[in-house]
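Hi,

Here is the structure I promised to pass on to you. Please have it open while you read the notes underneath.

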Amino acid sequence: MEIKKDHFAFKANDYEKDVRRTGNVANIADGILKEFTFTKDQHIMDFGSGTGLLTQEIAPYVQKITCIDMSKSMTDVLREKSKDFTCQIEIKEVDITKIQIDDKYDAIISSMTIHHVKDIKILFKQFYSLLEVGGKIALADLEPEDGTFHSVDTGVFHFGFDKDWFLNIALEVGFKNLKIETVTVAKKPYGNFPIFLLTGNK
Ligand SMILES: C[S@@+](CC[C@H](N)C(=O)[O-])C[C@H]1O[C@@H](n2cnc3c(N)ncnc32)[C@H](O)[C@@H]1O
């Protein structure tokens, strides 16, 4: 049996104590809510939901959020918190690159997770097939950085993404009405790390 490493086990319980982190996710959520109007009959996915920082911001606007995250320690925190969320929550504790999902979603949102996935084109193809026609994507992640953003390797495949490159992968896969812009800046003692939000639809 494959023993999978939980890269976030050492930080899950303190993850939300960093107010800069929670502030950045709140800014990402504001950016998403400026672009899209959700409705209370919609079912969306939060990819790499972690402890649910983004999930909780979007929960008041949709019917259901499926939270996909392979870290047991992060989803344990989410499981406890989500009892108070204002929409239905389903947690799938899985590695998205290793499973087949049969649901269809009205939107896929994600914050600070895609740099943990090796093949972005395959991931975007999977997102495309998981969306209803017209379904939306709102994906936030790091702009190119020098490798110092993570002090500990939590399973990082990309030191951020060039915005044009990232948008073009989505375009090649078939997404439309794409827009990418800096939505917040993660400030650390040794530098500033801009974060973009890519929005579009199937
Ligand atoms: C930096 S955290 C971001 C959590 C949350 N979205 C936020 O912004 O606070 C990245 C999360 O993505 C999850 N993750 C990374 N790669 C994944 C994969 N292939 N499938 C499922 N979850 C993944 C990790 O377990 C981790 O909880």
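Below is what I found, going from the overall fold to one helix and then to two backbone angles.

Please keep in mind that this is a predicted model. The protein is built from five helices and seven strands. Read from the N terminus, the order of these elements is α-β-α-β-α-β-β-α-β-α-β-β. The radius of gyration comes out at 16 Å, close to the 17 Å that the globule rule gives for 202 residues, so the protein is as compact as a globular protein of that length. Along the principal axes, the C-alpha atoms occupy a box of roughly 40 × 40 × 40 Å. Buried residues make up 41% of the 202. As for the contacts, take those between residues at least 6 apart in sequence: 67% of them link residues at least 24 apart.

The helix I looked at is α4, which spans residues 120-130. Which residues of α4 are buried? They are I120, L123, F124, Q126 and F127. Their arc around the axis is only 155 degrees, and therefore they sit on the same side of α4. The general background is that an α-helix has 3.6 residues a turn, so residues three or four places apart point the same way. What does this buried side pack against? Its partners are β4, β5 (131-142) and α5 (163-173). On the face of α4 turned away from the buried side you will find the exposed residues K121, I122 and S129.

Now to the backbone angles, where two residues other than glycine have a positive phi. One of them is M112, with phi near 60 degrees. M112 belongs to the loop that runs between β4 (105-111) and α4 (120-130). Is M112 buried or exposed? M112 counts as buried, because 20 C-beta neighbours lie inside 10 Å, and 20 is the number at which a residue starts to count as buried.

The other is N177, whose phi is near 50 degrees, again a positive value in a residue other than glycine. N177 is part of a strand, β6, which covers residues 176-188. N177 counts as exposed because it has 10 C-beta neighbours inside 10 Å, and the cut-off for exposed is 12 or fewer. So the positive phi of M112 goes with a buried place in a loop, while that of N177 goes with an exposed place in a strand.

Happy browsing, and all the best!

Conventions
Residues are numbered from 1 along each chain as its sequence is written. This is a predicted model: local features need pLDDT of at least 70, side-chain atom pairs count only at pLDDT 80 or more; totals for chains, interfaces and linings use all residues. Helices (H or I, at least four residues) and strands (E, at least two) are DSSP runs, numbered from the N terminus. The arc is that of the directions from the helix axis to the C-beta atoms. Two residues are in contact if their C-beta atoms, placed from the backbone, lie within 7 Å. The radius of gyration is taken over C-alpha atoms; the globule rule is 2.2 Å times the number of residues to the power 0.38.
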